[in-house]
Amino acid sequence: MSGADPYALFDAWFGLAQGSEPNDPNAMALATATSVGMPSVRMVLLKGHGPSESGAGGFTFFTNAHSRKGEEIRANCQAALLFHWKSLRRQIRIEGPLTEVTPQRADAYFHSRPFKSQVGSAASDQSRPMPDRQSYLDRVAALTAQYEAAGAVPRPAHWTGFTLAPQRIEFWMDRDNRLHDRRLFTLEGAADALKWTDTLLYP
Ligand SMILES: Cc1cc2nc3c(=O)[nH]c(=O)nc-3n(C[C@H](O)[C@H](O)[C@H](O)COP(=O)(O)O)c2cc1C
């Protein structure tokens, strides 16, 4: 891959966000859609990114694949991400298909999390109806008792990660009098000679 490098620009902006956002500078909105194009969006955390991410490059998050988003991703792999750093007055839009990370990668990330987070994730049927909060707390207590001595919970097979391989990345920056900057990178060319090209857009 050659040409302009949106990952370098992403890193520069992400670095600024890490220095300025008080909470979760890695939070991003993830938009997915059903097979008939009904959209939905929610926040997730960026847990890996770059030109070599998961081999071909991209942006990775982790979740429960039995969730609403997981069902939508299975039916339609196309997705979009949005970062908005309010104090920087900047946004980045990223679009492309999602692929699941390897089980080894999902295991490594799952077990890098604190024990109580592992328990909470394993006990949650994410996005499914819950009869009452106590049912969840009972599951948490049961898993804690079962795995406390081991200090780790086996990763549920449906708890995994996805990497979005971008085909478009757009950087937006606030400028005076609403004369904002927009710079769009698109991935173009044959599969064996992909190249980023960039262009400016009217705001
Ligand atoms: C700042 C923030 C970060 C979040 N990060 C994640 C995440 O990394 N993974 C995840 O599954 N849910 C995360 N959530 C919860 C999701 O927004 C959402 O409630 C959950 O994944 C269920 O979404 P779904 O029903 O569309 O599948 C986060 C929420 C917030 C507000």
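# A guided walk from the ligand outward

Let us start at the ligand, whose surroundings are formed by Asp24, Arg42, Met43, Val44, Leu45, Phe62, Thr63, Ser67, Arg68, Lys69, Gln126 and Ser127. Keep in mind as you look around that this is a predicted model. Sorted by class, the shell around the ligand holds four nonpolar, four polar and four charged residues.

Which elements each supply at least two residues of this shell? They are β3 (39-45), β5 (58-64) and α2 (68-75). The strand β3 makes the largest contribution, giving four residues to the shell around the ligand.

Some of these neighbours also reach the ligand through polar atoms. In the side chain of Arg42, an N or O atom sits 2.7 Å from an oxygen atom of the ligand. Ser127 offers a similar sight: an N or O atom of its side chain is 2.6 Å from a ligand oxygen. For Gln126, the distance between a polar side-chain atom and an oxygen atom of the ligand is 3.2 Å. How much of the ligand's accessible area does the protein cover? On its own the ligand has 620 Å² of accessible area, and the protein covers 63% of it.

Two members of the shell deserve a separate visit, and Ser67 is a good place to begin. You will find Ser67 in the loop between β5 and α2. Is Ser67 buried or exposed? Its relative accessible area is 0%, so Ser67 counts as buried. The side chain of Ser67 comes within reach of the backbone oxygen of Asn64, at 2.6 Å. Leaving aside residues up to four places away in sequence, Ser67 touches Gln126 and Ser127. Both of those partners also belong to the surroundings of the ligand.

The other residue to visit is Asp24, in the loop between α1 and β2 (27-33). With a relative accessible area of 47%, Asp24 is partly exposed. Its backbone is worth a look too. Most residues other than glycine have a negative phi. Asp24 is not a glycine, yet its phi is positive, at about 45°.

A second residue with this backbone feature is Arg178, which is not a glycine either and has a positive phi near 60°. Arg178 belongs to the loop between β9 and β10. Arg178 is classed as exposed because its relative accessible area is 66%, and the cut-off for that class is over 50%.

That loop brings us to the strands on either side of it. Strand β9 (residues 168-173) pairs with strand β7 (residues 90-100), antiparallel and over six bridges. To place this pairing in the structure, look for Ile94, which stands opposite Ile169 in β9. Strand β9 is also joined by six bridges to β10 (residues 181-188), and these two strands run antiparallel. Here the landmark is Glu170, standing opposite Leu184 in β10. As you follow the strands, it helps to recall that in a regular strand the side chains alternate between the two faces of the sheet.

Now turn to the helices. In helix α4 (residues 115-123), which residues are buried? They are Phe115, Gln118, Val119, Gly120, Ser121 and Ala123. Their cover includes two further helices, α3 (103-112) and α5 (133-147), together with the strand β8 (159-164).

Helix α1 (residues 6-20) holds Gly15. Gly15 has a relative accessible area of 37%, so it is partly exposed. Gly15 can be set against Met43, a residue of the ligand's surroundings. Between Gly15 and Met43 there are 20 Å in space, C-alpha to C-alpha, and the two are 28 residues apart in sequence.

Finally, step back and take in the whole protein. Its secondary structure amounts to five helices and 11 strands. The C-alpha trace spans about 55 × 40 × 35 Å along its principal axes. Of the 203 residues in the protein, 38% are buried. The accessible surface of the protein comes to about 11,400 Å², and carbon and sulfur atoms account for 53% of that surface. How do the parts of the chain meet one another? Take the contacts between residues at least 6 apart in sequence: 62% of them join residues at least 24 apart.

Note on methods
Residues are numbered from 1 along each chain as its sequence is written. This is a predicted model: local features need pLDDT of at least 70, side-chain atom pairs count only at pLDDT 80 or more; totals for chains, interfaces and linings use all residues. Side-chain values use heavy atoms; hydrogens and water are left out. A residue is near a molecule or strand if one of its heavy atoms lies within 4 Å of it. A polar contact is a pair of N or O atoms within 3.5 Å; within protein, one must be able to donate a hydrogen and the other to accept it, and residues adjacent in sequence count only if both atoms are side-chain atoms. Accessible areas come from the Shrake-Rupley method with a 1.4 Å probe; for residues, only the protein chains shown count as cover. Ala, Val, Leu, Ile, Met, Phe, Trp, Tyr, Cys and Pro count as nonpolar, Asp, Glu, Lys and Arg as charged, and the others, Gly among them, as polar. Buried means under 20% relative accessible area, exposed over 50%, partly exposed in between (1.4 Å probe, protein chains only). Contact means heavy atoms within 4.5 Å. Two strands pair if DSSP finds at least two bridges between them.
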